[in-house]
Every structure is written in structure tokens, then in C-alpha cells.
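Me: I would like a close look at one part of this model, starting from a single side chain and working outwards. Please keep to what can be computed from the atoms.

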Amino acid sequence: MIPHLSSIKQIEKQYNTGDLPVLVVCSDREAYICKYMPSSNSAFKLACELVGAMMANAWNIESPATAFIRIEATHWAGIHTPHNLTAPAWGYKKLDNVVDITPTTCNIVKNTTEL
């Protein structure tokens, strides 16, 4: 079962990648990197995130814990990206000392075949 959490304070950070995810501290006292619906027309992307997380889990691929997160309207202060307040965000638990491989970070990660 996927946990349902709520934000407990103002959004701490917005990442300048892809869909501009936000860092949210939640009711379980953990920080999550959250993707959200900028409009009601973008639900497909979040559905893909959900399916991807469930497939990783089914295939025993190590990945961060996930949750549905309700970000309180007042916690969006300072974030000027459009967002839909009626739908929960999709959050990945923030892990320390982990680098997300994106086009801007792939050059800093050593290429290796060792696990």
C-alpha cells in the first residue's frame, strides 16, 4: 500500500530540473522530492511515475520509498510554478549522498561497470 502523507511546513526548495519538483517535509518527518500536477491536463506524467515506481518494486530494483503527498496551499508560498491543489503530489523520499542522474549530472558520475 502506498502511504498518504501531508506537508508540515513550507516547501524548502524547488529543483531546476524537468518538471520543477519541490522538496517537502511531510507528516512522517521525512523529506520527499515531489512531482505535482501543474494543471489537470498533466495527470499522465504522474501516472507514469506511479507505474515506474511499482515496476521497480516488483522487479526488486532498489529505489527510494514513495508516497502520495498532499501539499497544503499555504506551503506553496514562494513557489511561482503553476500547481493543482486538488490532486496529491507524487513523492520520492530524499536520500542523502545520492546523485540523481540527469543530463546535467551525468558528467560528474564516474563511468563504471562495478556494482
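What relative accessible area does Lys9 have, and does that make Lys9 buried, partly exposed or exposed?

Reply: The model is a predicted one. Lys9 has a relative accessible area of 39% and is therefore partly exposed. The class follows because buried means under 20% and exposed means over 50%, with partly exposed in between.

The charged end of Lys9 has a partner: Lys9 forms a salt bridge with Glu12, and the closest N and O atoms are 2.7 Å apart. Glu12 is partly exposed, at a relative accessible area of 43%.

Lys9 is also in contact with His75. His75 sits in the loop between strand 5 and strand 6. With neighbours within four places in sequence left aside, the contacts of His75 are Ser7, Ile8, Lys9, Gln10 and Ile11. His75 is buried, because its relative accessible area is 12% and the limit for that class is 20%.

Two of the residues that touch His75, Ser7 and Ile11, lead on to Ile71. Besides Ser7 and Ile11, Ile71 is in contact with Val22, Val24, Cys34, Trp76, Leu85 and Ala89, again without counting neighbours within four places in sequence. Ile71 belongs to the largest nonpolar core, a set of 14 residues, and is listed with Val22, Val24, Cys34 and Ile69 as having the most contacts inside that core. Strand 3 (22–25), strand 4 (31–35) and strand 5 each give two or more residues to this core. A second core, separate from this one, has five residues, including Ile2, Met37, Ala53 and Trp90.

Trp76, a contact of Ile71, brings in the aromatic residues. The whole structure contains three aromatic pairs. In one of them, Tyr36 and Trp76 are edge-to-face, at 5.0 Å centre to centre with 80 degrees between the planes. Tyr36 lies in the loop between strand 4 and helix 1, while Trp76 lies in the loop between strand 5 and strand 6 (89–93); the pair spans 40 residues and links distant parts of the chain. Tyr36 and Trp76 are buried.

Another pair joins Phe68 to Trp90. The ring centres are 5.1 Å apart and the planes are at 65 degrees, so this pair is edge-to-face; the cut-off for that class is over 60 degrees. Phe68 is in strand 5 and Trp90 is in strand 6, 22 residues apart, so that distant parts of the chain are linked here. The accessibilities of these residues are unlike: Phe68 is partly exposed at 23%, whereas Trp90 is buried at 2%. Ring pairs join Phe68, Trp90 and Tyr92 into a cluster.

Back to the charged residues. The structure has five salt bridges, and the one between Lys9 and Glu12 has been described above. Lys35 forms another with Glu49, where the closest N and O atoms are 2.7 Å apart. Because Lys35 lies in strand 4 and Glu49 in helix 1, this pair ties together parts that are 14 residues apart in sequence. Lys35 is partly exposed, with a relative accessibility of 26%. A further salt bridge runs between Lys94 and Asp96, with 3.8 Å between the closest N and O atoms. The limit for a salt bridge is 4 Å, so the pair is counted. Lys94 is partly exposed at 32%, and Asp96 is exposed at 63%.

The remaining points concern the surface and the backbone. Val51, Met55, Trp59 and Ile61 make a nonpolar surface patch of about 420 Å². Trp59 is in the loop between helix 1 (43–58) and strand 5 (66–70) and is exposed, with a relative accessible area of 58%. The loop between helix 1 and strand 5 also holds Asn60. Asn60 has a positive phi of about 55 degrees, although it is not a glycine, and counts as exposed at 69% relative accessibility. Arg29, likewise not a glycine, has a positive phi of about 70 degrees. Arg29 is placed in the loop between strand 3 and strand 4, and at 68% relative accessibility it counts as exposed.

Key: Residues numbered from 1 in each chain as written. Heavy atoms only, no water. Patch = residues over 30% accessible without salt bridge, like charges linked within 9 Å, V, L, I, M, F, W, Y side chains within 5 Å. Areas by Shrake-Rupley, 256 points an atom, 1.4 Å probe, with all protein chains shown as cover. Salt bridge = Lys/Arg side-chain N within 4 Å of Asp/Glu carboxyl O. Helix = DSSP H or I, 4+ residues; strand = E, 2+ residues; numbered from the N terminus. Buried < 20%, exposed > 50% of the residue type's maximum accessible area, 1.4 Å probe, protein only. Core = buried A, V, L, I, M, F, W, Y, C linked by side-chain atoms within 4.5 Å. Contact = heavy atoms within 4.5 Å. Phe/Tyr/Trp six-rings, centres within 6.5 Å; stacked < 30°, edge-to-face > 60°.
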